[in-house]
Amino acid sequence: MKRVVKIIALGLILLFMLGNGGVNYLSFESNVYSSPHTNSVLFVNDSFESMNASDTSQITSLDSKEQNLIGCGVYSGTLQGSNLSTSYASSSGGSDILLFGWNQSIGYWSTNIGGTVNDFCQKVIWIDEHLIGVVGSFENTITIGTNDHASKGGTDGFFSIYNITNQQWVNTFTLGSSLDDKFNSFVPLTNGSYVILGTTKGN
C-alpha cells in the first residue's frame, strides 16, 4: 500500500509518498532531528497523516498560499483515510485524480474526478483565495463535477477551476486531437486569462 505522509516543519507542510513499508523504513532521527545545529532554525516533526491505496498512487503536485495547502494526486483501486472528505473512495476505472487541501481552520478537504480509463493530474495552482486550477490529461471520458467530457482520441488535455469555498467546479476546458495530448502546467495572468503549457502528437 502507498501512504501519504504529512510533516509540518516550521509551518511548511510537506507530503511524502512512501512505498509498501509505509513509515517503517523512514528514520526520523537521522532525517529530522540529527541535522547539525549550525543555526537557530530547527525542523520539528509535528504530525504524520496517511491515506492508503489498494493499488498504485502518487502525489503529483503541491502549492501553498499563506496558511493553506493544495495538492493533487492519482490513484487506482480504492483509497482510504480519515483525512478524505469521505472515508472511502473508489476509482471509476484505471487511475482517477484526487484533489485535496488543508488549512488551519477546517483541516483537510478532498474531491475526486475521473473516468473510465486513465486520468492524470500534472499541476495544481492557487488562482486566488477561493479558486484553484488543475491541469492534466484523460482518456476516453472524464467526469468533473456534474459534467462529462469525451476525448477526441488517445489522451486529451484538461484545465479545470475549483472553488474550495463553495466546493464547486466552476469551469472546465478540454483540448485534443486524434492522438495523445496533455496539459502540463499553467499560469494565471493578472487580466483574468491563463497561459497553458501542453504537448500534442496530433495536428
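Reader: Let's start with the sheet. In which sense do strand 8 and strand 9 pair, and over how many bridges?

Author: Keep in mind that this is a predicted model. Strand 8 covers residues 119-126, and one residue pair to look at is C121, which stands opposite G136 in strand 9. The two strands form a hairpin with four residues between them. They pair in the antiparallel sense, over seven bridges.

Reader: And on to the next hairpin: which residue takes a positive phi there, between strand 9 and strand 10?

Author: Strand 10 spans residues 147-163 and pairs with strand 9 in the antiparallel sense over 13 bridges. One of the partnerships puts L131 with N163 in strand 10. The hairpin has two residues between the strands, and the one with a positive phi near 70 degrees is G145.

Reader: So is strand 9 mostly covered, or is it mostly open, and how many of its residues are buried?

Author: Strand 9 runs over residues 131-144 and has partners in both strand 8 and strand 10. To count as buried, a residue needs under 20% relative accessible area. Strand 9 is mostly covered, and of its 14 residues the number buried is ten.

Reader: What about the whole protein chain: what share of its residues is buried?

Author: The chain has one helix and 13 strands, and from the N terminus the order opens with β-β-α before the other strands follow. Its accessible surface comes to about 10900 Å², with 49% belonging to carbon and sulfur atoms. Of the 203 residues, the buried share is 41%.

Reader: Moving to the rings, how is the aromatic pair of F173 and F183 arranged?

Author: The count of aromatic pairs comes to six. For F173 and F183, the centres are 6.2 Å apart and the planes differ by 10 degrees. Planes under 30 degrees apart count as stacked, so this pair is stacked.

Reader: Where do those two phenylalanines sit, and how far apart are they in the chain?

Author: F173 belongs to strand 11 (residues 168-175), while F183 belongs to strand 12 (residues 181-188). The pair links distant parts of the chain, and the separation is ten residues.

Reader: Which class does F183 fall in, buried or exposed?

Author: Its ring partner F173 has a relative accessible area of 41%, so F173 is partly exposed. For F183 the relative accessible area is 8%. The cut-off for buried is under 20%, so F183 is buried.

Reader: Last one: which residues do ring pairs link into a cluster?

Author: There are six aromatic pairs in the count, and the one between F173 and F183 is stacked. Ring pairs also build a cluster, and its members are W109, Y162 and W169.

Note on methods
Residues are numbered from 1 along each chain as its sequence is written. This is a predicted model: local features need pLDDT of at least 70, side-chain atom pairs count only at pLDDT 80 or more; totals for chains, interfaces and linings use all residues. Side-chain values use heavy atoms; hydrogens and water are left out. Rings of Phe, Tyr and Trp (its six-membered ring) pair if their centres lie within 6.5 Å; planes under 30 degrees apart count as stacked, over 60 as edge-to-face and the rest as tilted. Buried means under 20% relative accessible area, exposed over 50%, partly exposed in between (1.4 Å probe, protein chains only). Accessible areas come from the Shrake-Rupley method with a 1.4 Å probe; for residues, only the protein chains shown count as cover. Two strands pair if DSSP finds at least two bridges between them.
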